[in-house]
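Please open the structure in your viewer and keep the sequence panel beside it, since each stop on this tour begins with a selection to make.

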Amino acid sequence: DNEVFAVIEYTATDDYPGTAQMTDIATDLCIEQFEEYVGVPYQDSVLEVFPITPTEDGWNRLNDREIICALYNLDFSKLTGSMEGAAR
C-alpha cells in the first residue's frame, strides 16, 4: 500500500512544535527527499507523501525526533514494487 522512503532525525528545536506544525514541517522535509528517491519532482508525480511524526508524549518522554516519510498512490491503488528510481 505504501513505502517508507526516508527517515529523518529532526533536531531543529528542543521544544515540541505542536501537532499541526510538526505535520507541516514533516511534510516539507519529506517532499524535499521525494525527487531524489523517486526520480521525478513531487508536483509532477502521481504519488503522495505521508509523514509519520513524533507525538508530543514521545518527544518529551522518549526524546523521539524521528520523522518517517512514506509514499503511496494518489488513487490508493497498491504499489507494485519499490518506487525508488521509478521515474528514471
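What follows is a walk through a predicted model, one selection at a time.

**Stop 1: the disulfide**

Begin by selecting Cys30 and Cys69 and showing their side chains: the two form a disulfide, with their sulfur atoms 2.0 Å apart. A search of the whole structure finds one such link. Colour helix H1 (residues 19-38) and strand E3 (residues 66-73) next, and you will see that the pair links distant parts of the chain, with Cys30 in the helix and Cys69 in the strand, 39 residues apart. If you look along the S-S bond, the torsion about it is -85°, and the link is left-handed. Are these two cysteines buried or exposed? Both Cys30 and Cys69 are buried.

**Stop 2: the nonpolar core**

Now keep the cysteines displayed and add Phe5, whose contacts, not counting residues up to four places away in sequence, include both Cys30 and Cys69, along with Gln33, Phe34, Tyr37, Val49, Ala70 and Leu71. Select Phe34, Ile67 and Leu71 as well, because these three, together with Phe5, touch the most other members of the largest nonpolar core, which has 23 residues. Strand E1 (3-9), helix H1, strand E2 (47-52) and strand E3 each supply at least two residues of this core, and the largest share, eight residues, comes from H1. In soluble globular proteins, nonpolar side chains tend to be buried together.

**Stop 3: a buried arginine**

Move on to Arg65, which lies in the loop between helix H2 (56-62) and strand E3. What does the side chain of this buried arginine reach? Its side chain comes to the backbone oxygen of Trp59 at 2.8 Å, and it also makes a polar contact with the side chain of Asn63 at 3.1 Å. Arg65 has no salt bridge, although it is buried, and the nearest side chain of opposite charge, that of Asp14, is 5.1 Å away; the absence follows because a salt bridge requires a side-chain nitrogen of Lys or Arg within 4 Å of a carboxyl oxygen of Asp or Glu. To display the surroundings, select Ile8, Glu9, Tyr10, Thr13, Asp14, Pro54 and Trp59, with which Arg65 is in contact once neighbours within four places in sequence are left aside.

**Stop 4: the salt bridges**

How many salt bridges are there to find? The count comes to two. For one of them, stay with helix H2 and select Arg61 and Asp57, whose side chains meet at 2.9 Å, N to O. Both residues lie in that helix, four residues apart, about one turn of the helix. Arg61 counts as exposed, at 60% relative accessibility, whereas Asp57 is partly exposed, with a relative accessible area of 41%.

For another, select Asp1 and Lys78, whose side chains meet in a salt bridge at 2.6 Å, N to O. This pair links distant parts of the chain, with Asp1 in the segment before E1 and Lys78 in the segment after E3, 77 residues apart. Asp1 is exposed, with a relative accessible area of 57%, and Lys78 counts as exposed too, at 58% relative accessibility.

**Stop 5: Thr80**

Finish by selecting Thr80, which lies in the segment after E3 and counts as exposed at 70% relative accessibility. Keep Asp1 displayed for this last view: Thr80 and Asp1 are 79 residues apart in sequence and 8.8 Å apart in space, C-alpha to C-alpha.

How values were computed. Residues numbered from 1 in each chain as written. Predicted model: local features only at pLDDT ≥ 70, side-chain atom pairs only at ≥ 80, totals over all residues. Heavy atoms only, no water. Disulfide = S-S within 2.5 Å. Buried < 20%, exposed > 50% of the residue type's maximum accessible area, 1.4 Å probe, protein only. Lys, Arg positive; Asp, Glu negative; His and termini not counted. Polar contact = N/O pair within 3.5 Å; in protein donor to acceptor, adjacent residues only side chain to side chain. Contact = heavy atoms within 4.5 Å. Core = buried A, V, L, I, M, F, W, Y, C linked by side-chain atoms within 4.5 Å.
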